[in-house]
Each structure stands twice: as structure tokens, then as C-alpha cells.
Amino acid sequence: MCPVGTQSNWAIWKSSARLADGREIVYFDEKPGLGRDQVADTRPLPPRMPGPQPPRGGPEWGIRWDRLAGEWVVIAAARQDRTFLPPADQCPLDPSGPGQLTEIPADSYDVVVIENRFPSLAEPLGRCEVVCFTPDHDASFAALSPRRVRTVLEAWVDRTQALGALPETRQVYCFENRGEEIGVTLHHPHGQIYAFPFVAPRLAQMVTQAREYAATRDGANLFDDMVAAEVAAGTRVVTGNEHWVAFVPEAARWPYEVRIFPTVRVPDLPALDEAARESFGPLYLDVLRRFDALFGQPAPYIAAWHQAPVRVDRPLAYLHLQLFSVRRAPGKLKYLAGSESAMGVFINDVRPEQAARMLREVTP
């Protein structure tokens with residue numbers, strides 16, 4: 001067990017072990033000496049499914065190149081058999097207990113990361129992990145304490161470093177899907193981390209835009225100028241503090257979409273300094289609770305960390321968190337129909353300035 005993310009008055013203790021089928025499990029504990037990594041996984045699991053063979057394609061696994069779009073597509077047919085909305089007493093992300101052996105052998109945890117049993121990408125091509133935010137099955141990220149958010153953040157930092165060090169990784173993507181409307185298959189509060197063997201299309205496009213912007217403006221950074229303009233205008237800013245600012249993008253694609261930027265540009269989560277890490281939790285919790293309060297019920301959302309590519313174009317990128325909901329009004333969802341799904345042209349039903357005002361004025 002080793003401490004990570006140490007500060008003068010607290011620390012996080014990291015330990016790892018192997019599950020019955022050989023997958024890695026990593027505990028991030030808020031107290032030392034708990035010995036959770038010493039609890040064996042006694043489930044009779046078969047050896048984990050081998051990774052994609054051959055590396056760039058195959059009948060069940062792999063990635064394939066879409067020559068028309070110029071993008072990679074992941075083929076993961078084995079995920080059809082993944083666990084789908086089990087009863088609460090059969091949740092695989094709860095701690096293990098009498099008569100219930102789960103993905104987490106210990107009887108409790110603070111934050112835990114496990115290799116996904118049903119990954120979209122598997123070694124040697126890539127890696128997918130699951131991040132459990134809390135042992136409380138009925139909680140949500142918005143219900144976490146700032147202390148626990150900091151533990152989650154340190155887990156993201158640790159895994160970004162570990163997965164980014166793998167030779168095949170080109171991008172580390174941390175994200176959370178919340179709500180059946182989004183398509184979650186497990187209700188337990190959790191997120192995921194993908195180690196992509198390529199730079200995802202959205203990130204690649206943003207880097208391209210930043211490169212072209214710099215080339216025509218004496219090296220200026222597109223993200224710096226955009227964030228400065230949003231702060232100066234103020235009309236789409238939702239909230240902020242000394243180290244972070246949250247605003248609705250000028251060309252928001254989703255009815256309720258917020259981008260959260262650190263006020264000092266960094267390429268990825270490990271590059272955040274202590275002050276930024278400590279001040280992230282209270283601000284993010286405030287934004288999440290505003291989303292929930294907007295319609296008086298839990299908001300279905302996607303929270304996506306945009307980090308710089310692992311090995312190229314890092315000075316062009318700017319770490320930020322994108323949060324958006326598919327709910328556009330009480331009882332109404334924003335579906336991606338013909339224009340969005342087929343042509344990639346988003347049509348937003350809510351003016352970004354109106355969305356920002358509603359988020360500012362709602363009581364979280």
C-alpha cells in the first residue's frame with residue numbers, strides 16, 4: 001500500500017490485487033491499513049477473455065478503419081452479453097457480503113477501479129476500466145462529499161498516468177454515464193476509463209482547430225482565447241472560483257451543456273496543481289446539483305474529461321470537463337435524429353444564454 005495525492009492533512013492510500021480471472025483491481029482508500037487488497041476473490045470465474053486478435057480487427061474484437069469518415073470504429077461483439085440492469089441485490093459493483101460475491105471482494109471501499117469484465121477494448125489493443133465512486137448503491141456523484149470527489153480525482157490522475165504509460169495508448173478518456181435515458185446498464189454510481197489506441201475523432205478535431213488557429217494568430221491558443229472571451233462576456237458563465245470556470249458554450253449542441261475549465265491551461269489531469277485539485281470538488285458538485293434541480297429530478301447526463309493526446313500535440317490542448325444532459329424539458333428528451341445522427345448537424349432546442357441563466361438561477 002502506498003500513499004498518493006498527499007496533502008498536509010490527508011492522504012489517499014493505493015493498493016492493488018488480482019480478481020479470480022486475472023483482472024486488476026485497485027483500491028483508493030482514505031485511511032491506511034484497511035487491507036482491502038488482501039481479500040481474495042473466490043468466485044469461480046473462467047480466465048478472462050483474450051484481447052483482440054489480430055490487433056487491428058477480427059470477427060469479435062478489434063478496431064476497423066472507416067475510410068469514408070476517416071475514423072476508427074471499435075468492434076466489441078462480446079459486450080452483447082454484459083450485465084444489464086440487474087436487481088439491486090445483485091449489483092456487481094456493490095461490496096461483497098454474505099451470500100453475494102461481487103466484482104469487489106472487500107466488504108467496503110472508498111473508491112475502487114477494476115478492469116472491465118466486458119470491455120470495449122482489451123489488451124493488447126487498449127484497456128477499459130470501471131471506477132466505482134462509492135459503495136452506496138443508491139447514491140450519486142452529486143451526493144458525494146468534496147473529500148470523496150478529491151479521492152475520485154486522484155484515482156483519475158493515477159489511472160491517466162498508468163494507462164498513458166502503456167505503449168499502445170494514444171488517449172486516456174475518463175467519463176461517467178448517468179441514467180437509463182443515457183443507456184447505463186448498471187445503476188451503481190460509477191464511471192469508466194478508456195485507453196484508446198488512437199486519438200478519438202472529437203479530440204482530434206479540436207486539436208486540428210487549435211493548430212489552425214495558432215497558425216493564423218501568431219501562435220495564440222484557441223482554448224485560452226475562448227475561455228477568456230466567455231469570462232469577459234459573462235452571459236453564459238454558470239459559476240466559478242479562483243481555479244475553475246463553468247460556462248455554457250456559445251455553440252452548445254445539447255440543451256443543457258456546461259464546459260468546466262481550469263483557469264490555468266494544463267494538458268491533462270496529472271498536470272493540475274494542488275489548489276486546482278482541491279477546489280474542483282465543491283464547484284463540480286454545485287454544477288451537478290444545479291442540473292438535478294433544474295427539473296426537480298435526477299438529470300441523465302454524460303460527464304466527459306477532454307485530456308490532451310498522450311504523445312502528440314499536447315501544447316495545443318486544454319484539459320476540461322464537458323457535462324451535458326439529454327433532457328430538454330420536463331418529460332422530454334433530446335434525441336439524436338436524422339440531422340444529428342446521419343449528418344452530424346446538431347439542432348439545439350434551447351438558446352445557450354437561456355440555459356446558462358436557468359442554471360445560474362436554480363437553487364441547487
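These are my notebook entries on a predicted model, covering one strand, a few salt bridges, two loop residues and a surface patch.

**Ground rules**

I number residues from 1 along each chain as its sequence is written. The model is predicted, so I keep to these limits: local features need pLDDT of at least 70, side-chain atom pairs count only at pLDDT 80 or more, totals for chains, interfaces and linings use all residues, and side-chain values use heavy atoms, with hydrogens and water left out.

**Entry 1: strand β8**

I started with β8, residues 171-178. Strands here are DSSP runs of E, at least two residues long, and helices are runs of H or I, at least four, numbered from the N terminus. I looked up burial: seven of the eight residues in β8 are buried. Buried means under 20% relative accessible area, exposed over 50%, and partly exposed in between (1.4 Å probe, protein chains only).

Which strands pair with β8? I found β9 (residues 190-196), antiparallel, over five bridges. I also found β13 (residues 301-306), antiparallel, over four bridges. Pairing requires at least two DSSP bridges between the strands. On the β9 side, Phe175 stands opposite Gln192. On the β13 side, Arg178 has Tyr301 as its bridge partner. I add one general note: side chains in a regular strand alternate between the two faces of the sheet.

**Entry 2: salt bridges**

I searched the whole structure and got 33 salt bridges. The test is a side-chain nitrogen of Lys or Arg within 4 Å of a carboxyl oxygen of Asp or Glu.

Arg178 came up again, in a salt bridge with Asp292, closest N and O atoms 2.8 Å apart. Arg178 sits in strand β8 and Asp292 in helix α4 (residues 274-294), 114 residues apart. Both Arg178 and Asp292 are buried.

Next I checked Glu181 and Arg327, whose closest N and O atoms are 3.3 Å apart. Glu181 is in the loop between β8 and β9 and Arg327 is in strand β15 (residues 327-329), so this salt bridge ties together parts 146 residues apart in sequence. Are the two partners buried or partly exposed? Glu181 is partly exposed at 38% relative accessible area, while Arg327 is buried at 5%.

My third pair was Arg236 and Glu353, with closest N and O atoms 2.7 Å apart. Arg236 lies in the loop between α3 (222-233) and β10 (237-240), and Glu353 lies in helix α6, so the pair ties together parts 117 residues apart. Arg236 is buried at 10%. Glu353 is partly exposed at 24%.

**Entry 3: Ser96**

I found Ser96 in the loop between β5 (71-76) and β6 (111-115). Why does Ser96 count as buried? Because its relative accessibility is 9%. Its side chain reaches the backbone nitrogen of Thr102 at 3.0 Å. Beyond four places in sequence, its contacts (heavy atoms within 4.5 Å) include Leu101, Ile104 and Asp107.

**Entry 4: Ala308**

Ala308 is in the loop between β13 and β14 (320-325). Ala308 is buried, at 4% relative accessible area. I noted Leu203, Pro267, Arg314 and Ala317 as its contacts, leaving out residues up to four places away. From Ala308 to Leu272 I read 13 Å, C-alpha to C-alpha, with their positions 36 residues apart in sequence.

**Entry 5: Val345**

I closed with Val345, in the loop between α5 (338-343) and α6 (352-361). Val345 is partly exposed, at 45% relative accessibility.

Notes:
A polar contact is a pair of N or O atoms within 3.5 Å; within protein, one must be able to donate a hydrogen and the other to accept it, and residues adjacent in sequence count only if both atoms are side-chain atoms.
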